Every structure is written in structure tokens, then in C-alpha cells.
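In this notebook I record what I looked up about a bound ligand and its surroundings. My entries begin with single contacts and then turn to the pocket.

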Amino acid sequence: MNHDVQYGTAVASVYDSLIAPAMPTEEAVERLRPYVTGARVLEIGVGTGRVALPVARLARGLIGVDNSKAMLDELRGKNPPAHVALVEADFRRPLPFTEPFEAAYSTMGSLACVHSREELVTALTHICDVLKPGGSLSLEYYATGAYRPLVEQHTLTVPMPHHGGTSTFTVTLDDADVLTMHTRLDESGKPPVEFSEQVLLIERKEVEACLAEAGFAVERVHPAEGPAPYDWYTARSDH
Ligand SMILES: C[S@@+](CC[C@H](N)C(=O)[O-])C[C@H]1O[C@@H](n2cnc3c(N)ncnc32)[C@H](O)[C@@H]1O
């Protein structure tokens with residue numbers, strides 16, 4: 001198994017200034033509110049805390065897991081409140097918790113950072129293992145309707161919404177359904193920042209099948225609207 005870390009210092013250095021502003025948190029927090037309010041909550045792939053910090057205002061406790069020290073350091077720099085704890089761990093391995101959670105969530109497709117359906121089922125099983133029976137999992141996962149056209153296009157340059165520069169995406173999909181997205185951010189007067197992400201791009205029915213195989217009952221799916229990048233799944237631990 002490959003335990004590489006995808007999000008290094010280059011991504012971490014621009015995540016909050018250039019990437020997060022394009023992804024407002026309000027809708028995600030509203031969707032999470034019924035599950036996380038007053039609960040002991042786990043975020044998988046917490047990153048720089050874009051969603052974790054507003055969710056922490058609702059939760060009794062929140063543990064954020066990420067395998068990128070650089071991303072966690074950005075979040076630590078924001079002095080999260082005392083009921084937030086951060087753990088450097090890889091979700092492809094069993095999660096290091098003994099006290100079960102009432103709710104778990106993962107936004108912006110963190111759980112898609114796997115190389116196969118089997119690896120996704122393994123990661124989901126690790127989450128199921130640390131949830132109380134009936135505990136909830138809310139999941140944003142890459143929408144094929146948004147990403148398959150990008151594969152066709154191969155390269156796309158768009159203006160960055162909150163800066164004068166541009167983002168150039170180069171997107172490929174291999175035979176194992178692993179999508180590689182290379183991003184180059186150009187801000188005038190600054191050296192470009194480049195990084196690559198690899199995610200498993202599978203159809204909604206397959207994500208649902210992986211959830212079921214891992215021990216979740218899927219309660220609801222909000223398909224991405226138009227070109228929106230992620231579908232949203234709500235599931236409950238079945239045991
Ligand atoms: C797109 S970012 C999303 C961050 C945050 N959830 C948000 O919505 O802003 C994906 C995050 O997943 C983390 N990640 C990717 N693979 C991981 C793994 N195997 N174990 C733990 N975290 C992982 C990355 O380090 C990164 O911080």
C-alpha cells in the first residue's frame with residue numbers, strides 16, 4: 001500500500017489565500033448542522049480547518065485527522081479552540097481512536113485521495129469502526145459530471161476569483177479511474193505555485209456501493225448541481 005502524502009507545503013502555502021475563497025463554507029455547515037450540533041465529531045482530511053472551525057462552534061468536541069503536517073500546521077497557526085484536537089494520521093490505516101464518535105464528515109473530496117475502490121472501502125471501514133452504532137457520515141465526493149468534461153478538455157485556464165491571477169488545470173484519467181489534476185497558480189509578480197492531486201473518480205452508484213460495503217446505510221444523496229464539483233452523501237453506520 002502507498003502511504004504517500006499528497007498535500008505538501010506548496011498546497012498548504014496557498015490553500016487559504018487562493019483555494020478556500022472559491023469554496024464558501026455556509027452550505028456545508030448548514031448540511032452538517034443537524035448531525036454535528038452538540039456531538040463529538042470527527043473530520044477526515046481536515047486540512048487547514050476551512051470547515052472544521054465553523055463546525056467547532058456547533059460541536060461538543062471535534063477531532064481533525066490529516067496526513068499532511070503542512071496543512072495541519074496552517075490550522076494550528078489559527079489557534080483552534082480547546083475542544084478541537086488535531087491528529088496526524090492516514091485514513092488508509094486504522095484510525096487511532098478508542099472513544100467512538102457520534103458524527104464524522106469529510107469535505108472537498110478528501111476521501112477520494114485513494115488509488116482504488118478497495119482502498120476507498122478500507123478508508124470508509126476505518127471511519128465506520130470509530131463511529132457509534134447509527135453514527136452519521138457526511139461526505140463530499142468528486143462528481144463525475146464536473147470532472148469528466150475536464151478530462152476531455154485536458155487543459156483549462158481560469159481567472160482566480162479573489163486575485164488578479166489565473167489557475168491552469170491539466171487533467172488526465174487513467175485506466176484505473178485515477179484522475180490526476182495538475183494545478184498551476186499564476187499571480188502577477190510572484191513565482192508560479194504548482195502541485196498535483198490524484199483522486200479516484202467513480203460514479204455515484206459506485207460511491208454508494210463502497211459506503212454499503214464499508215458498513216454504512218446511505219440515507220441521502222445531493223447530486224452536484226450544474227458544474228459544481230462535489231456530490232454530497234449522508235450515511236449512517238449500520239452496526
Ligand atoms: C481538498 S483538501 C480538503 C481540506 C478540508 N476538508 C476542506 O474542506 O477545506 C484534502 C485534505 O485531505 C488530506 N488527505 C489526503 N489524503 C489523506 C490521507 N490518506 N489521510 C489523511 N488525510 C488525507 C489532505 O492532506 C488535505 O488536507
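Entry 1. I worked from a predicted model. I began with D90 and found an N or O atom of its side chain 2.9 Å from a nitrogen atom of the ligand. I then asked how much of the ligand's own accessible area the protein covers. The ligand has 590 Å² on its own, and the protein covers 99% of this area.

Entry 2. I looked up two further polar contacts. At D66, a polar side-chain atom lies 2.6 Å from an oxygen atom of the ligand. At G45 the partner belongs to the backbone: a polar backbone atom of this residue is 2.8 Å from a nitrogen atom of the ligand.

Entry 3. Which residues around the ligand come nearest? I counted 19 residues around the ligand, and the nearest are Y15, G45, R50, D66 and T107. Sorted by class, this shell holds eight nonpolar, six polar and five charged residues.

Entry 4. Where does the ligand sit? I found the ligand in the largest pocket, and I noted a volume of about 1100 Å³ for this pocket. The pocket is lined by 50 residues, of which I19, M108, Y142, E197 and Y230 are closest to its centre.

Entry 5. I sorted the lining of the largest pocket by class and obtained 32 nonpolar, eleven polar and seven charged residues.

Entry 6. Which element gives the most to the lining? I identified α1 as this element, with four residues. The elements that each supply at least two lining residues include the helices α1 (9-19) and α6 (144-153). Strands also appear in this group, namely β2 (61-66), β6 (155-159), β7 (166-173), β8 (178-186) and β9 (193-200).

Definitions and conventions
Residues numbered from 1 in each chain as written. Predicted model: local features only at pLDDT ≥ 70, side-chain atom pairs only at ≥ 80, totals over all residues. Heavy atoms only, no water. Near = heavy atom within 4 Å. Polar contact = N/O pair within 3.5 Å; in protein donor to acceptor, adjacent residues only side chain to side chain. Areas by Shrake-Rupley, 256 points an atom, 1.4 Å probe, with all protein chains shown as cover. 1 Å grid on protein atoms, 1.4 Å probe; cavity = no way out; pocket = protein on both sides within 12 Å on 5 of 7 lines; lining within 4 Å. Sits in = over half its atoms within 2 Å of the grid points. Nonpolar A, V, L, I, M, F, W, Y, C, P; charged D, E, K, R; others polar. Points joined across faces, edges and corners; volume = space filled by probe spheres on them.
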